[in-house]
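Biologist: I should like a close look at the charged and polar side chains of this protein. Please explain which of them pair with one another and where the partners lie.

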Amino acid sequence: MESSGSRIFLAPTFLAILLLLITGACSFYLPGVAPEDFRQGDELKVKVNKLTSTKTQLPYTYYSLPFCRPEKIVDSTENLGEVLRGDRIENAPYVFKMRETRMCNIACRLTLDAKTTKQFKEKINDEYRVNMILDNLPLVFPARRLDQESPPIYQLGYYVGVKGQSAGKDERYYIYNHLSFTVKYHKDVQTDTARIVGFEVRPYSVKHEYEGKWNEGNTRLSTCDPHTKQTVVNSNSPQEVEEGKEIIFTYDVDFKESDVKWASRWDAYLLMNDDQIHWFSIVNSLMIVLFLSGMVAMIMLRTLYRDISKYNELETQEEAQEETGWKLVHGDVFRPPQNSDLLCVYVGTGVQFFGMILVTMIFAVLGFLSPSNRGGLMTALLLLWVFMGLFAGYSASRIYKMFKGTEWKRIAFRTAVMFPAIVSSIFFVLNALIWGQKSSGAVPFGTMFALIFLWFGISVPLVFVGSYVGFKKPAIEDPVKTNKIPRQIPEQAWYMNPIFSILIGGILPFGAVFIELFFILTSIWLNQFYYIFGFLFLVFVILIITCAEITIVLCYFQLCSEDYLWWWRSYLTSGSSALYLFLYATFYFFTKLEITKLVSGLLYFGYMLIASYAFFVLTGTIGFYACFWFTRLIYSSVKID
């Protein structure tokens, strides 16, 4: 674990970002990866990555299974995001020479004992897939669609093996011990060099047989002909996983010229299986939300214009006393709420989240966080969260000073520590569960120290700096004076009950994102690529507008019913969409996933609880600031004696 932790490096990340900004302006290549030219006969470095399963969600290192090993296993340098994802990239035992086809290569021979038999059977039963990398391209298995004319569906990696039944109806386990690799390349006619544009595999289970005694280098297999351009594999007798059985691992390497250029080599990987449904759903959701937003905006503008005009036309005190509505609570509407310190902390944390997501979205839309930069998205999110602590402290202290608070250091400390402490507590429990399963997804000690340093070494000081700057600024002045004695709130109608209105308010923001949420959950838990950040940015904008408008509408109705306790309700109204997000995640778990292990289920719900909590903080802050702006606007627009 210590060697994994030592692979983390932070300084090169900043250098990489600077280089991306420079090279991105003069090149059309995906940022983060430079093209490499290979001549015929050049050695290609094949690397192995983690074993993954959608049934367990627990990654393992490639060499946790007794696969063939090179003479020396060399770990690749990984960034912070890769380690947190459980990636463990190491060299492979396979030898590739550029544009040199090699058939029936023997990798190694293995005799199964009780321990290795159990390991293979467990991984086959849990449907684990083997992941590899060549020239930064992941290994894919091209699965054909029902429509043979359509392009294949690319699935990441290949299964360790497959289950079957014998004549006696006993379950049998068969391992894929023969790999037929296809490397696609785009040739440059002028320089006679080539660039790799595809890396595919077709696995077979073959019970190999050989003539005479075993000789590591010169053994001739009778089940595989190395002299043909196309491999002749006798797959009528698959290789069974059973104690005492001998397994011979073999592989082919074939090279095919492709018209796909290097800059477009990721296009085939990023094709979604149900792109038509995705497009239709996004457009449909966009039209509905925009239509509702237009109606809400129109109603609010007309109603407010009428109310303000009517209030300003009142001439006598008697007429004013006869009026009812939101103007009557002007002396209490800006009264500090209960637990105002906690509200300041949550608002500051929400601003930190908003800044992190907004900048990440911009970088992603511009292409800086492409799938070719493995772990780049996770690394960017963590670093931006840390540096956005400056804005978190500033926002929290500004609201705190408006509430007549004086102990800004206490607010700064709670803003810097509260949310990360809650998330870290859940994360440590989940990490302990992963550690107990001996999974590579467990965060190493070195990475833990790096995360703690980012938190206490950078984020906390920045929050204090932001709080100091925000507290030194003049306090935000209320547009109207607050009465010393609180006004009694009249009895409310059933539909203005706080719990009911809060739950109703979260439906529309969730409705704006739930379709995109399906694709995000699929990419995370079903191990698929997600690279439609343009749509995601559009949905994010719709979410902001929807949270703001629904909060303003319900806040207006609340004030009209002479209930001035809007501070926390404005935060909870749009923040309640996180409850629907978690309920949808629960529905997704039972309808789309095949997780059966208790630990895997706890991991899923633990991580989705963290995601829902973060979504609550984000949407709640958007609603709060929208309502804050709205109330200040309307009460500064009327004449108050």
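Modeller: The account below takes up the salt bridges and then the polar contacts. This is a predicted model, in which local features need pLDDT of at least 70 and side-chain atom pairs count only at pLDDT 80 or more, whereas totals for chains, interfaces and linings use all residues. Residues are numbered from 1 along each chain as its sequence is written, and side-chain values use heavy atoms, with hydrogens and water left out.

Side chains of opposite charge can pair when their charged atoms come close. A salt bridge is taken here as a side-chain nitrogen of Lys or Arg within 4 Å of a carboxyl oxygen of Asp or Glu. By this rule there are 16 salt bridges.

One of them joins aspartate 135 to arginine 265, with 3.1 Å between the closest N and O atoms. Aspartate 135 sits in the loop between strand 6 (129-134) and strand 7 (137-138), and arginine 265 in the loop between strand 15 and helix 5 (275-313), so the pair ties together parts that are 130 residues apart in sequence. Helices (H or I, at least four residues) and strands (E, at least two) are DSSP runs, numbered from the N terminus. Both aspartate 135 and arginine 265 are buried; buried means under 20% relative accessible area, exposed over 50%, and partly exposed in between (1.4 Å probe, protein chains only).

A salt bridge also links glutamate 200 and lysine 184, whose closest N and O atoms are 3.0 Å apart. Because glutamate 200 belongs to strand 14 (residues 193-204) and lysine 184 to strand 13 (residues 178-188), this pair ties together parts 16 residues apart in sequence. Glutamate 200 is buried at 11% relative accessibility, while lysine 184 is partly exposed at 25%.

Arginine 410 and glutamate 407 meet through their side chains in a salt bridge of 3.1 Å, N to O. Arginine 410 is partly exposed, with a relative accessible area of 38%, and glutamate 407 is partly exposed at 45%. Salt bridges that share partners also join Lys50, Arg85 and Asp87 into one network.

Aspartate 252, in strand 15 (residues 246-257), is buried yet has no salt bridge; arginine 102, the nearest side chain of opposite charge, is 9.3 Å away. For this purpose Lys and Arg count as positive and Asp and Glu as negative, while His and the chain ends are not counted. The side chain of aspartate 252 does make a polar contact of 2.9 Å with that of histidine 178. A polar contact is a pair of N or O atoms within 3.5 Å; within protein, one must be able to donate a hydrogen and the other to accept it, and residues adjacent in sequence count only if both atoms are side-chain atoms.
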